[in-house]
Amino acid sequence: AQIRYSIPEELTRGAFVGNIGKDLGTDVAKLAAANLQVLSDSDSQYFSVNVNTGVIMVSERIDREQLCGQNPRCFLHLKLAIENPVEFYRIEVEILDINDNPPEFPSDEVSLRIYELASLGARFPIQPAQDPDVGTNTLQTYHLSANDNFNLNVKARTDGGKFPELVLERALDREFRAFHYLVLTAEDGGSPPQSSKIRITIQVLDANDNHPVFDRPSYGARLVENSPLGTLVVKLNATDVDEGPNGDIRYSLSSHNSAALRQIFAIDEQTGEIRVQGNLDFEEATVYEIEVEAKDMGSPTMEEHCSVVVEITDVNDNAPEVILTSFSSSLSEDALPGTVVAVIHVRDRDSGEQGKVLCHVSPDLPFQLRKDYEHQYSLLTSTRLDRECVAYYNVTVSASDLGSPPLSRHIILPITVTDVNDNAPQFEQVSYEVLVAENNPVGSVLVTVSAADPDSEQNSRLSYSILRAGGTDPGLDPTRYLSIHPTSGQVTAKFPFDYEQTTYLQFHVEVSDGGSPALRNRTLVHVFIVDQNDNAPRVHFPRAGEDSASQFRISPSIIPPALITKVVAIDADSGRNAWLSYHLVEATDMGLFSVALRSGEVRIMRALQETDASAHELLVVVRDAGEPPLSTAVTLVVLVEEKGPEALQGSEARAADGGGLPTITLYLIVSLVLISTVSLAGLAALGIRCL
């Protein structure tokens, strides 16, 4: 017969399993008398039988998991042997599982390394927990701690094993979270349930899935133009949350930048410092926009771009520029005030106040600047010009900006004032007075008149001509006697002058310039003929032939100083040249006669004697006062005769003939005085004119 008992495992020693006597229906006393023995199939005696009571008890600790492992049913078999008669009873004790073992993981912690670019749905097995219990007491389920990326999937095998898997439900991002810490709990179905936990550490392996990121989308900097080379513009800062080479950043200027910009700025690929390596000129560019790229060293390379805006601050480093838009280098002197000479354009490549330009010219010049509009000026005449005063101007136009310190630039405009015929010729003298000695050579220069014209070139080319002066004798045409050189103004004589015919001549000299129309002027020329001693005295009395002598008769009783005769002579010259003197040069008896020096009277100086000759020859010379003096000689023959009445009559006749002599002398003296007075007046007028 076979008897089956069921007991839970882990009963304490002495725990009741069953009453074999009762279950077999046998008297307990009979069992004791029959020498009841308990035989076990195993090496261990887990049960014992109280022969007195027939109760089977647990004698040793029973661990179902140790005995049967994972078998769902666990049995211990006993054999009961009794004697008299010998009988065998098979007792089967089913060991029922109790939840005495929690699920156990192989370790307390497990580490996983997962690529951050792992695709969604990827599964990552976790070593399962082991629970030696069976049935509902064994491992029933897993629980995963809350997280954002993983779900738990439990895979059940046909043998009832449950294997946990982590399923990636949301993409990993190492840069957001490099490590994930999860707790996996294994729980059995006992009552109360038991569980165990395992810590799962997930390291997210980096992938180059992040491009570098600048700490600012754009950078700004401000530099002064002409900053020294090497000046720091800005230091860029880009970060890459990747690690290793994937996060190693190199900076460079983007290819979008122009070649010119690359000449001005340079960047350090390691530090991201942008520095000046070229000349910064505000006038060329006020703003530079630099495109910078940051690349990591991952594979494939990822990059990021940013812009750096560099504003250039202007400094006053440019002098104003002065540009002639229009310029006339010559200007007529009759130009009206306000005439435009030049149009000037000014500019300054600087900005702001430093780019504002003011222009000016010297106030001492007859020019002024008019501002037409911004950056343009006109140079105008401010007053009338006079070429004869200033024929050439160097007009300096100065342009200055409003910088500090101000910069300036100058240009010089050479302006020539062209002539107009606005000036008539002017003689050096209002009138000319000329003294000309008579008998002058033909063609000799009597006087040179000179005029000046302050105009230039053709307007100052002068020509001279002779005109008759008003109020002069119509018969005295000056062009008959004189000629003038048309350009030199030299007045020459066509014929020798004869004082005895013409003593004075006046005429106008007209000068005209070569302008159109020509301008003229006149001067008056007074020509005074100066007498020369060119005429010898001419004896009017006594008249005698060239080879004969005049005879005079006197009485022997004549009483001295009786007048015998008077020599009368006339000189056509004037002045000293007409001052005559009479001289007794030769005589038969020099002591008997005398001749008055000035009057020419011939007188007897002593009484005649018997010893004196009856005829006396006198040589009288009439000499003028010229230089050299000219003279004329006359021979007188004085006869001493007794014919008194005749002689007397002759004497009286001679005296009667000489009655008109004082009138002629008076005429000569008056003429001399008049000529001398006119000469002195002319000389006085000339002296006053010179003063």
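The following dialogue concerns selected residues of a predicted model.

Reader: Why is Asn440 called buried?
Author: Asn440 has a relative accessible area of 7%. Buried means under 20%, so Asn440 is buried.

Reader: Where is Asn440 placed?
Author: Asn440 is in the loop between strand E33 (431-437) and strand E34 (445-448).

Reader: What makes the approach of the Asn440 side chain to the backbone nitrogen of Phe497 a polar contact?
Author: The side chain of Asn440 reaches that backbone nitrogen of Phe497 at 2.9 Å, and the limit for a polar contact is within 3.5 Å. Leaving aside neighbours within four places in sequence, Asn440 is also in contact with residues including Leu446, Ala493 and Pro496.

Reader: How do you know that a disulfide joins Cys68 to Cys74?
Author: The S to S distance of Cys68 and Cys74 is 1.6 Å. A disulfide requires sulfur atoms within 2.5 Å, and therefore this pair counts as a disulfide. The structure holds one disulfide.

Reader: Why is the disulfide of Cys68 and Cys74 called right-handed?
Author: The torsion about its S-S bond is about 65°, so the disulfide is right-handed.

Reader: Are Cys68 and Cys74 buried or exposed?
Author: Cys68 has 14% relative accessibility, and Cys74 has 0%. Buried means under 20%, so Cys68 counts as buried, and Cys74 counts as buried.

Reader: What makes Cys389 exposed?
Author: Cys389 has a relative accessible area of 62%. Exposed means over 50%, so Cys389 is exposed. Cys690 is likewise exposed, with a relative accessible area of 62%.

How values were computed
Residues are numbered from 1 along each chain as its sequence is written. This is a predicted model: local features need pLDDT of at least 70, side-chain atom pairs count only at pLDDT 80 or more; totals for chains, interfaces and linings use all residues. Side-chain values use heavy atoms; hydrogens and water are left out. Helices (H or I, at least four residues) and strands (E, at least two) are DSSP runs, numbered from the N terminus. Buried means under 20% relative accessible area, exposed over 50%, partly exposed in between (1.4 Å probe, protein chains only). A polar contact is a pair of N or O atoms within 3.5 Å; within protein, one must be able to donate a hydrogen and the other to accept it, and residues adjacent in sequence count only if both atoms are side-chain atoms. Contact means heavy atoms within 4.5 Å.
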